[in-house]
Amino acid sequence: MGSASDYEVMSGAAQTLASFGVEYEEKVLSAHRTPELLADYVKGAGERGVRVFIAGAGGAAHLAGVIASYTTLPVIGVPVMTKGLGGMDSLLSTVQMPSGVPVATVAINGAKNAALLAVEMFALSDPALSARLDDFRREQKEKISKITLPPESK
């Protein structure tokens, strides 16, 4: 994440990954304030077993794009809500990548969906994880199908 203030949003990704038993690293690195540290971290990621980056940042939100510039590993960007522009600045900064340097982008504050997207990627080569993902989807479906609305809402 780009700053410690992004943790509240990004903790949703950590909780989701943990719920699927997926190991992860959490790190605060700024594309603008710690560019050398960020570059070193990203360049050494493959050696540590990192297979996907989930990068959350607000405002200028260049974190995901800068990460993508240093790696060919998939990068999922999470635009974080801002006070001034409601996160639209973050969304546009994250989603508008130049051709050849892609960043998959989820909704503003969509850290949980970013984690689920990473889980889907991992599940392609992990049958046990794929089964857990199927169970998760089935549980979601069952929860929704059990919802009943009061008669006056129909």
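E23 lies in the loop that joins helix 1 to helix 2 (35-43), and in this predicted model its relative accessibility of 77% is over the 50% cut-off, so that E23 counts as exposed. Computed along the chain, E23 and K83 are 60 residues apart, and in space their C-alpha atoms are separated by 32 Å.

## The chain as a whole

The secondary structure of the protein chain comes to six helices and three strands, and these follow one another along the sequence in the pattern α-α-β-α-β-α-β-α-α. The C-alpha atoms fill a box of roughly 60 × 40 × 30 Å along the principal axes. Of the 154 residues, 38% count as buried. Among the contacts in the protein chain with a separation of 6 or more, 60% are accounted for by residues 24 or more positions apart.

## The sheet and its crossover

The three strands form an open sheet in the order 1-2-3, with parallel pairing; strand 1 and strand 3 (104-105) are the edge strands, each of them pairing on one side only. Helix 1 packs on this sheet, where it touches strand 1 and strand 2, and the direction of helix 1 makes about 160° with that of strand 1.

Strand 1 and strand 2 pair in the parallel sense over six bridges, and between these two strands the chain passes through helix 3 (residues 63-70) in a β-α-β crossover that is right-handed. Within the pairing, F53 has V75 of strand 2 as its bridge partner, while I54 stands opposite I76 of strand 2.

Helix 3 itself lies across strand 1 and strand 2 and runs at about 145° to strand 1. The buried residues of helix 3 are L63, A64, G65, I67 and A68, and the elements that cover them include helix 2, strand 1, strand 2 and helix 4 (88-95).

## Helix 5 and its packing against helix 1

Helix 5 (residues 111-123) has 13 residues and reaches 18 Å from its first C-alpha to its last, close to the 18 Å expected at 1.5 Å a residue. In helix 5 the residues A111, A114, A115, L116, A118, V119, F122 and A123 are buried. An α-helix has 3.6 residues a turn, so residues three or four places apart point the same way. The cover over the buried residues of helix 5 includes helix 1 (7-19), strand 1 (53-58), strand 2 (75-80) and helix 6 (127-145).

Helix 1 and helix 5 pack at an angle of about 35°, with their axes 7 Å apart, and helix 1 passes helix 5 in a right-handed crossing. On the side of helix 1 the contact is made by V9, M10, G12, A13, T16 and L17, and on the side of helix 5 by A111, K112, A115, L116 and V119.

Which residues does T16 touch, leaving aside its neighbours within four places in sequence? T16, which is found in helix 1, is in contact with K112, A115 and L116. Its relative accessibility of 12% is under the 20% cut-off, and T16 therefore counts as buried.

## Two loop residues with positive phi

Most residues other than glycine have a negative phi. A61 and N109 are treated together here, as each has a positive phi without being a glycine.

| Residue | Loop | Phi | Relative accessibility |
|---|---|---|---|
| A61 | between strand 1 and helix 3 | about 50° | 5%, buried |
| N109 | between strand 3 and helix 5 | near 65° | 33%, partly exposed |

A61 has its place in the loop between strand 1 and helix 3, on the path of the chain that crosses from strand 1 through helix 3 to strand 2. With a relative accessibility of 5%, which is under 20%, A61 counts as buried. N109 is found in the loop between strand 3 and helix 5, and at 33%, a value in between the cut-offs of 20% and 50%, N109 counts as partly exposed.

Key: Residues numbered from 1 in each chain as written. Predicted model: local features only at pLDDT ≥ 70, side-chain atom pairs only at ≥ 80, totals over all residues. Heavy atoms only, no water. Helix = DSSP H or I, 4+ residues; strand = E, 2+ residues; numbered from the N terminus. Expected span 1.5 Å × (residues − 1). Buried < 20%, exposed > 50% of the residue type's maximum accessible area, 1.4 Å probe, protein only. Contact = heavy atoms within 4.5 Å. Pairing = 2+ DSSP bridges. Right-handed = clockwise from strand over helix to strand, strands pointing away. Axes fitted to C-alpha atoms, helices over the stretch in contact; angles between N-to-C directions. Left-handed = near helix turned anticlockwise from the far one by under 90°.
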